[in-house]
Amino acid sequence: MRTSAVGDVTILLPDLDPEDLDLTTDVDDELDDVLVEGASWRSAVLDDVRVWGSRIVGTDLGESTWKAGTLFGCEVVRTDLSGALLSGVTIERSAITGCRFTGTRFADVRLKEVLFEGCRFDYATFTRVAAAGAVGFVECILTDAAWSSCRLPGIAFRSCRLDGLEVKSCRLTGADLRGNTLGGLKAALDDLRGVTLSEDQLVDLSRLTVEELGLTIRGQ
């Protein structure tokens, strides 16, 4: 296993050797220790599928549906999940890199020891997503995404675009938002309770305060 640090958060990740994995392009109820490269699983229906210790590269999972499954100890690279539905899925101890989640719907998803790096989440929706361990987003795009009723304490963001991200009824206590663009972030102040910001982000926090309190700012 290897680790990756995002701010003060250390994430435990898999360290897979592709030569130790069996090549496949088939979808089964269980995918253990396999390498999937360039497969077309678009619009696939994955019902309680378990993926364990595997590497998925350049695969098309757009418009797919994955319910009540598990992704554990995996690496997912340059894979398209745009427009997909992930419901009741657990993602644990996995590295997800350069993937596309445009318009993807995450519902009742559980995250633990997960690193998202260089991924697109524009227009994606997170509903009742919960972090049960370390989670990091690095150089990700979350513009115009929507988070609702999520419990993501202690997650960390670095060099992410959060423009237009809408946050409602979420708990982000301990989340590290330093080093990200917050312009256009849509969140009530209570949703940002307990987060960590840098001094240069106080201007954006002031904007949110003015908007929520309906203040009128005028010159003398």
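Which residue takes a positive phi in the hairpin of E1 and E2? Gly7 does, with phi near 65°, and the hairpin has two residues between the strands.

The model is predicted: local features need pLDDT of at least 70, side-chain atom pairs count only at pLDDT 80 or more, and totals for chains, interfaces and linings use all residues. Residues are numbered from 1 along each chain as its sequence is written, and side-chain values use heavy atoms, with hydrogens and water left out.

**View 1. The hairpin of strands E1 and E2.**
Strand E1 covers residues 2-6 and pairs with E2 in the antiparallel sense over five bridges. Strands (E, at least two residues) and helices (H or I, at least four) are DSSP runs, numbered from the N terminus. Two strands count as paired if DSSP finds at least two bridges between them. Ser4 has Ile11 in E2 as its bridge partner. Side chains alternate along E2 (residues 9-13): Val9, Ile11 and Leu13 point to one face and are buried, whereas Thr10 and Leu12 point to the other and are not. Buried means under 20% relative accessible area, exposed over 50%, and partly exposed in between (1.4 Å probe, protein chains only).

**View 2. A patch of negative charge on the surface.**
The patch gathers Asp15, Asp17, Glu19, Asp20, Asp22 and Asp33. Patches are made of residues with over 30% relative accessible area and no salt bridge; like charges are joined within 9 Å, and nonpolar side chains (Val, Leu, Ile, Met, Phe, Trp, Tyr) within 5 Å. Asp and Glu count as negative and Lys and Arg as positive, while His and the chain ends are not counted. The place of a charge is taken as NZ of Lys, CZ of Arg, CG of Asp or CD of Glu. Accessible areas come from the Shrake-Rupley method with a 1.4 Å probe, and for residues only the protein chains shown count as cover. Within the patch, Glu19 sits in the loop between E2 and E3. Glu19 counts as exposed because its relative accessibility is 74%. Asp22 is part of strand E3 (residues 22-23), and with 54% relative accessibility Asp22 is also exposed. From Glu19 to Ile96 the C-alpha to C-alpha distance is 20 Å, with their positions 77 residues apart in sequence.

**View 3. Salt bridges of Asp60 and Arg55.**
The whole structure contains 13 salt bridges, each a side-chain nitrogen of Lys or Arg within 4 Å of a carboxyl oxygen of Asp or Glu. In one of them, the side chains of Asp60 and Arg42 meet at 3.1 Å, N to O. This pair links distant parts of the chain, 18 residues apart: Asp60 is in the loop between strand E8 (55-57) and strand E9 (65-67), and Arg42 is in the loop between strand E5 (34-37) and E6. Asp60 is partly exposed, at 21% relative accessible area, as is Arg42, at 41%. Another salt bridge joins Arg55 and Glu75 at 2.5 Å, N to O. Arg55 belongs to strand E8 and Glu75 to strand E11 (residues 75-77), so the pair ties together parts that are 20 residues apart in sequence. Arg55 is partly exposed at 22% relative accessibility, whereas Glu75 is buried at 7%.

**View 4. The open sheet and its edge strands.**
Eight strands form an open sheet with parallel pairing, in the order E6-E9-E12-E14-E16-E19-E21-E22. Its edge strands, E6 (45-47) and E22 (186-187), each pair on one side only. Strand E21 (residues 166-168) runs parallel to E22, and two bridges join them. Val167 has Ala187 in E22 as its bridge partner. Lys168 and Glu166 form a salt bridge, with their closest N and O atoms 3.2 Å apart. Lys168 is partly exposed, with 47% relative accessible area, and Glu166 is partly exposed at 29%.

**View 5. The parallel partners of strand E15.**
Strand E15 (residues 110-117) runs parallel to strand E13 (residues 90-97), and seven bridges join the two. Ile91 stands opposite Leu111 in E15. Leu111 also has a bridge partner in E17, Ala131. E15 pairs with E17 (residues 130-131) in the parallel sense over two bridges. Four bridges join E15 to strand E18 (residues 135-138), again in parallel. There, Val114 has Val135 in E18 as its bridge partner.

**View 6. A network of salt bridges.**
Asp8, Arg158, Asp176 and Arg178 are linked through salt bridges into a network.
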